[in-house]
Amino acid sequence: MTQSLENISSNKSFGGWHKQYVHASEVLSCNMRFAIFLPPQAAADHKVPVVYWLSGLTCTDENFMQKAGALRVAAELGFAIVAPDTSPRGEGVPDDAQGAYDFGLGAGFYLNATQEPWSKHYRMYDYIVTELPDLIEATFPVTGERAISGHSMGGHGALTIALKNTDRYRSVTAFSPIVNPIKCPWGQKAFTNYLGDNKADWQDYDACELIRKAETQLPILVDQGDNDDFLEKELKPENLVKAAEEAGYPITLRMQAGYDHSYYFISSFIEDHLRFHAQHLG
């Protein structure tokens, strides 16, 4: 697997290294790009834990690494950050017929599609949970200790993946996550196309539904801006709070006054999230 890795960029930052790689993904049947930040503590004789970051609609691996201001804190705390792309890409990978931003390329929703023509390539759940971590841990000086975080669609991915794999992650955080996709337009469009019309299948990728059924609890921190244009129609954080209260699942959800959906918001609170993960990554 590691033989297919191609390093396409490398930049020193805060004593560590930010690097981009391309590799052939068997799960997604295409080439994929990801970015990794290795802190100065990472070495052949000193492995470090990893925080996985899942970005939102239209994003790539570059948005978070370039805009969030996370590398300084990761370098201080001594863990790696891995940022994958948000969907499969390349020749033969289907896209929305109208080129819509909320479905197809750049909008993989971190699930395993079951419907044609999406099912061959759009298997982002398996890629994030298994293939990418296996590659990272076989290639770089990192441990098997993982945390996961994300924004918007990526917040949805982080929450659902962590809730379904509590043995694989120590903690989960999210910014402006789509917490109840079965009840919002973004989620309904994506799930109908990727998963079909059986709404029972949709529940497997909905954080509100998953938290109600959770048997093991992970530390969860969510930040949401109250000036977010998508707050009422798409994000619905109050639904997650209600589901968690009904399930007796402790979460921290902070409504941040005046903040919107942008990376200005993420960069304002990313240090809190990384230090939250550091507490649980040891």
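Is Cys59 buried or exposed, and at what relative accessibility? Let's work up to that and a few related puzzles together.

**Ground rules**

This is a predicted model, in which local features need pLDDT of at least 70 and side-chain atom pairs count only at pLDDT 80 or more, while totals for chains, interfaces and linings use all residues. Residues are numbered from 1 along each chain as its sequence is written, and side-chain values use heavy atoms, with hydrogens and water left out.

**Exercise 1. Classify Cys59, then look for its bonding partner.**

Step 1: Buried means under 20% relative accessible area, exposed over 50%, and partly exposed in between (1.4 Å probe, protein chains only). Cys59 counts as buried because its relative accessibility is 8%.

Step 2: A disulfide is a pair of cysteine sulfur atoms within 2.5 Å. Searching the whole structure gives zero disulfides. For Cys59, the nearest cysteine sulfur belongs to Cys184 and is 17 Å away.

Step 3: Try Cys208 as well. Its closest cysteine sulfur, in Cys184, is 10 Å off, so the two are too far apart for a bond. Cys208 is buried, with a relative accessible area of 1%.

**Exercise 2. Describe the surroundings of Asn180.**

Step 1: Helices (H or I, at least four residues) and strands (E, at least two) are DSSP runs, numbered from the N terminus. Asn180 sits in the loop between β7 (172-175) and α5 (185-195).

Step 2: With 3% relative accessibility, Asn180 counts as buried.

Step 3: Contact means heavy atoms within 4.5 Å. Setting aside neighbours within four places in sequence, Asn180 is in contact with Asp206, Cys208 and Asn239.

Step 4: A polar contact is a pair of N or O atoms within 3.5 Å; within protein, one must be able to donate a hydrogen and the other to accept it, and residues adjacent in sequence count only if both atoms are side-chain atoms. The Asn180 side chain makes one with the side chain of Asp206 at 2.9 Å, and another with that of Asn239 at 2.8 Å.

**Exercise 3. Follow helix α3 into the core.**

Step 1: Helix α3 (residues 124-139) bends by about 30° at Glu131, with Pro133 following within four residues. The bend is the angle between axes fitted to the seven residues ending at a residue and the seven starting there.

Step 2: Among the buried residues of α3 are Tyr127, Ile128, Glu131 and Ile136. Their cover includes β2 (16-25), β6 (142-151) and α4 (153-164).

Step 3: A nonpolar core is a set of buried Ala, Val, Leu, Ile, Met, Phe, Trp, Tyr and Cys residues joined through side-chain atoms within 4.5 Å. The largest has 68 residues, and those with the most contacts inside it include Phe34, Ile136 and Ile148. α3 gives the most to this core, with eight residues.

Step 4: A second, separate core of 24 residues includes Phe64, Ala75, Phe79 and Leu281.

**Exercise 4. Trace the strand pairings.**

Step 1: Two strands pair if DSSP finds at least two bridges between them. Strand β1 (residues 6-13) pairs with β2 in the antiparallel sense over seven bridges, and Ser9 has Gln20 as its bridge partner in β2.

Step 2: β2 and β3 also run antiparallel, joined by nine bridges. Here His23 has Met32 as its partner in β3.

Step 3: β6 and β7 pair in the parallel sense over four bridges, and Gly150 stands opposite Ala174 in β7.
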